[in-house]
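Open your viewer, switch to a cartoon view and keep the selection tool handy. We will hop from stop to stop, and at each one you will learn what to select and what to look for.

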Amino acid sequence: MRGSASGINIMFELVLLDGGAGRELARMGAPFRQPEWSALALMEAPDFVLRMHRRYVEAGADVITTNSYAVVPFHIGSARFTARGTELADLAGRLAREAAATGSRPVEVAGSLPPVCGSYRADLFHPEHARPILQILVRGLAPHVDHWLAETLSAIEEAELVREVIDGSGLEQRPLWLSFTLEDESAVRGRPRLRSGQPVGEAVAAAIRLRAAAVLFNCSQPEVMEDAVSIASSVIEDSKAGLRIGVYANAFPPQSKDATANTGLSEIRADLTPENYLAFAKAWQQGGASILGGCCGIGPEHIEALRRGLMAGGDPRTCATLRRL
């Protein structure tokens, strides 16, 4: 991706994210069930969470994401969140920081800020309900993270609230990455939309307006990502905003518009081998994406394939570029 606020052309170094947490924890034998999802291991067996993070560091991730996605009332219940929300967010941050610090190369920590009213459900989002939940997550994660990753956002309004909460917490100096989830059932190629129905171009423009350092697309099928990257590249190039673009797809079959979380476990596609996922990632990189990783069902073996296939020689490097954003 080329472009900067000053109009000077630059080329971003590739940054590798980690992969999915919940399915990897389940595969490792960690406590895992609905509705708690990945939060159950955090509460009952945090050593599994630490080991999961370390697997991704060993696979080559430059950034690991805190296991705070399911630390919300939607997953763990309102009473448990009220009693333990800050504590669990703090634990998620500390475990990720510990894993990052024990690696043989610099690794940064992204603080996961999930769609607190429910994944894929823009219709469930209410700012007055979501605001105090986000405030608790930000407060618990803040001592441990290098930047914020608001992820699996179904609507622009969710991103706007995240910016408001971060600014209100006095933590606006830390880079913010905004990651949107897309419709898997797009009827017209070339016109990708958020699960709210909002066009990708509007979401990218909102990310620029909200002073994000990166705009990403996650938790959707790999097949819908390339068009989103193309649109993002065009919007960013025209605005000379200098945002990074990122992708971390999932390995689920298409999720319908009425899909709801916590109703069961989605199947994992057998065709998304590390080699096949790498082929998708090469197209995203060619289209302008410089942050690549995986979401649900994408594991350490996929991240290792990305490092081998996308980085010359798989050479270790620093994350200094991240801190300059």
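Start by selecting Lys 240, which lies in the loop between helix H9 (225–239) and strand S7 (244–249). This is a predicted model, so treat each stop as a look at a prediction. Lys 240 is not a glycine, yet its phi is positive, near 55°. Is Lys 240 buried, partly exposed or exposed? With a relative accessible area of 45%, Lys 240 is partly exposed, because the partly exposed class runs from 20% to 50%.

Now move to Arg 211, in the loop between helix H8 (200–209) and strand S6 (214–218). Here too phi is positive in a residue that is not a glycine, with a value of about 60°. Arg 211 has a relative accessible area of 48% and is partly exposed.

One more loop is worth a click. Select Pro 35, found between helix H1 (22–28) and helix H2 (39–44). Show Gln 34 as well, and look at the peptide bond that runs from Gln 34 to Pro 35: which form does this bond take? The bond is cis, with omega near 5°.

**Zoom out**

Next, show the whole chain. You should be able to find 12 helices and 8 strands. Of the 325 residues, 59% count as buried. Consider the contacts between residues at least 6 apart in sequence: 78% of them join residues at least 24 apart.

**Helix H11 and its partner H3**

Color helix H11 (residues 300–310) and helix H3 (residues 46–59). Their axes are 8 Å apart, and the two helices pack at an angle of about 20°. This makes H3 roughly parallel to H11, because angles under 35 degrees fall in that class. The crossing of H3 and H11 is right-handed. To see the contact, show the side chains of Arg 55, Tyr 56 and Ala 59 on the H3 side, and of Pro 300, Ile 303, Glu 304 and Arg 307 on the H11 side. Sorted by class, the residues of this contact are 4 nonpolar and 3 charged, with no polar ones.

Stay here and select Pro 300, in helix H11. Its relative accessibility is 10%, so Pro 300 counts as buried. Try a distance label between the C-alpha atoms of Pro 300 and Ala 59: these two residues are 241 residues apart along the chain, and how far apart are their C-alpha atoms? The separation is 5.6 Å. Leaving out residues up to four places away in sequence, Pro 300 touches Glu 24, Arg 27, Arg 55, Tyr 56 and Ala 59.

**Helix H11 and its partner H10**

Keep H11 colored and add helix H10 (residues 274–287). The axes of H10 and H11 come within 9 Å and cross at roughly 50°. H10 is therefore oblique to H11, and H10 passes H11 in a right-handed crossing. On H10, pick out Pro 274, Tyr 277, Leu 278, Ala 281, Lys 282 and Gln 285; they meet Glu 301, His 302, Ala 305, Leu 306, Gly 309 and Leu 310 of H11. This contact of H10 with H11 has 7 nonpolar, 3 polar and 2 charged residues.

Now select His 302, which is found in helix H11. Is His 302 buried or exposed? At 4% relative accessibility, His 302 counts as buried. Which backbone atom does the side chain of His 302 reach at 2.9 Å? Look for the backbone oxygen of Leu 272. Apart from residues up to four places away in sequence, His 302 touches Leu 272, Thr 273, Pro 274, Tyr 277 and Gly 297.

**Last stop: H5 and H6**

Finish by selecting helix H5 (residues 78–101) and helix H6 (residues 127–141). They pack at an angle of about 40°, with their axes 7 Å apart. H5 and H6 are therefore oblique to each other, and their crossing is right-handed. Among the contact residues on H5 are Phe 81, Gly 85, Ala 89 and Gly 93, while those on H6 include Ile 133, Ile 136, Leu 137 and Gly 140. By class, the full contact of H5 with H6 has 7 nonpolar, 4 polar and 2 charged residues.

How values were computed
Residues numbered from 1 in each chain as written. Predicted model: local features only at pLDDT ≥ 70, side-chain atom pairs only at ≥ 80, totals over all residues. Heavy atoms only, no water. Axes fitted to C-alpha atoms, helices over the stretch in contact; angles between N-to-C directions. Helix = DSSP H or I, 4+ residues; strand = E, 2+ residues; numbered from the N terminus. Parallel < 35°, antiparallel > 145°, perpendicular 65-115°, else oblique. Left-handed = near helix turned anticlockwise from the far one by under 90°. Contact = heavy atoms within 4.5 Å. Nonpolar A, V, L, I, M, F, W, Y, C, P; charged D, E, K, R; others polar. Buried < 20%, exposed > 50% of the residue type's maximum accessible area, 1.4 Å probe, protein only. Polar contact = N/O pair within 3.5 Å; in protein donor to acceptor, adjacent residues only side chain to side chain.
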